[in-house]
Structures are given as C-alpha cells and as structure tokens.
Amino acid sequence: MRRQLFIGLVAEGTTDVRFLKTIIQKSVQELSWQCDTDVDIFDIREITPPGDGFVQKMVNAAMIAQKDYSISMLCIHTDSDSRTAEDVMQNKFTSFFEALEKLDERDYCKCIVPTIPIQMIESWMLADKPLLKSLIDAESLSDSSLGIDKAPESYADPKNVINKAIRIAMEGKSRRRRDQIQISELYGILGQELSLDSLRTIPSFCEFEKYVTNAFRQMNLLH
C-alpha cells in the first residue's frame, strides 16, 4: 500500500526556507527508496508559528502542523550560533520534547526532525566550494584567496565568509555584474544544486539525516 508523506518546516528566516526546502526534499526522497512500500512525498509546507520563546513557538508549530495540514514529519531549523548541536538539543529541544510528550498526538505532530547547522545554515552552503565559486564567477580564484579554504563549520560567521568571497570575486567586474550576484540569490540555487554527497562531508548534516531516518522509523516506514 502506498503511503503519503506530508512534511512541515519551521525555519529561522525566508532565505533559510528557500535553501532548506529542496535539501530536505532530496534527503527524504532518497531515504524513501529504502522503504518497503512506495512513498508519495508532497511539497514541503512552511509553518510560521506564533508565540514567545522557543518551546511555546514549537508547540504551536506542532499544533498547526497537525490540525491545519496533517503533517507527517515536522522539521525544525535553528542555527547553533556559537554553541554546539548538543547545547541546542539540551537548551531548546529537550524542553520542547518534554512539553510535547504531555500533549495529545491527535492534536499535535510528534514526529520532529531537529535541523541544527553549525554555526548557521550558510555553513551548509559551503559544502561544495567549486559549485559556489562557479555561481559567484570565481572559478579562476583559489579557495584561500576567497577565504573559503577551511572546513565549513569551522567559521564563526559563514554568511560573512560567503559575502566576503563574493566581494573579492566581483573586484574589477562591472557594476551591473556586481549587482547581479548577491548572497540572497544563492540560497535557492545552492539548495537545488548541492548534492547530498557533498553535504555529507558536514557533520551537522549527517546528524540531520540521522533524525530523518529516526522519523521514518517512528512512522513505520523503516524497520
């Protein structure tokens, strides 16, 4: 019997949504091929919950996901910033899971996938540096000259790293060309073009895929 999979996403910003939607879709699609039954995966639904504080907002997201959209699996994105993923799980998700455990599953989606990039989502955008260089017209420049030669998650501010790389790549180019290449334009393109294999070089993405696999088991799609 075919199964239908409805995925929800809570993200920190609109650019994060553009990047993550396609990444999540690809990851879930690949994992679905391991299932014993056929799985129909629908377009990801963005959820913007009201509330104050992480726990209250995510509880509201779980309610909206269940009541309004019958979401099967809810991905919740939060950057680690200067903390480790373990810190984020301890300080945010543990309290959320404790609150969710007390609520009725008929009213709240309880299949949750933490999505925690280190330090922020832009570190995942550095997973394939040749691809990034091609998009910012910098194939002729070295990684070191662009400042992107380190491991993606070692940068405290990967968004600033990408912006600096764009500025270096645009030196000497026409004003029109400089205006055409902005980091805001890269989220959707990189989300579409980054391969899962390149993302798997990043530890926090591998953790995300473990959470997706656990969610599939929770939904009885994998054993």
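# Briefing: Q119, the parallel sheet and its helices

Not counting neighbours within four places in sequence, Q119 is in contact with D79, S80, D81, S82, R83, E153, Y155, A156 and P158, where contact means heavy atoms within 4.5 Å. Please keep in mind that this is a predicted model, in which local features need pLDDT of at least 70 and side-chain atom pairs count only at pLDDT 80 or more, while totals for chains, interfaces and linings use all residues. Residues are numbered from 1 along each chain as its sequence is written, and side-chain values use heavy atoms, with hydrogens and water left out.

**Around Q119**

- Q119 sits in the loop between β6 and α4 (122-125); helices (H or I, at least four residues) and strands (E, at least two) are DSSP runs, numbered from the N terminus.
- Because its relative accessible area is 14%, Q119 counts as buried; buried means under 20% relative accessible area, exposed over 50%, and partly exposed in between (1.4 Å probe, protein chains only).
- The Q119 side chain comes to 3.2 Å from the backbone nitrogen of S82.
- That fits the definition of a polar contact: a pair of N or O atoms within 3.5 Å, where within protein one must be able to donate a hydrogen and the other to accept it, and residues adjacent in sequence count only if both atoms are side-chain atoms.

**The sheet**

- Four strands form an open sheet in the order β4-β2-β5-β6, with parallel pairing; two strands pair if DSSP finds at least two bridges between them.
- β4 (45-46) and β6 (112-115) are at the edges with a single partner strand each, so each has one side without a neighbour in the sheet.
- Strand β5 (residues 73-77) runs parallel to β6 and is joined to β6 by four bridges; in β6, P114 is the bridge partner of I76.
- In a regular strand, side chains alternate between the two faces of the sheet.
- In β6, I112 and P114 point one way, V113 and T115 point the other way, and all are buried.

**Helices on the sheet**

- Helix α2 (residues 54-69) lies across β2 (7-10), β4 and β5, at about 150° to β5; axes are lines fitted to C-alpha atoms, for helices over the stretch in contact, and angles run from 0 to 180 degrees between N-to-C directions.
- Helix α3 (residues 85-101) also packs on the sheet, touching β5 and β6, and its direction makes about 170° with that of β6.
- N60 is in helix α2 and is buried, at a relative accessible area of 15%.
- The side chain of N60 reaches the backbone oxygen of P50 at 2.8 Å.
- Beyond its neighbours within four places in sequence, N60 is in contact with P49, P50 and G51.

**Helix α1**

- The end C-alpha atoms of helix α1 (residues 14-32) are 27 Å apart, which agrees with the 27 Å expected for 19 residues; the expected span is 1.5 Å times one less than the number of residues.
- α1 has a kink of about 30° centred on L20; the bend at a residue is the angle between axes fitted to the seven residues ending there and the seven starting there.
- Among the buried residues of α1 are F19, L20, I23, I24, S27 and L31.
- An α-helix has 3.6 residues a turn, so residues three or four places apart point the same way.
- E30 lies in α1 and counts as partly exposed at 30% relative accessibility.
- E30 and L196 are 166 residues apart in sequence, yet 9.2 Å apart in space, C-alpha to C-alpha.
- Leaving aside its neighbours within four places in sequence, E30 is in contact with L196 and R200.
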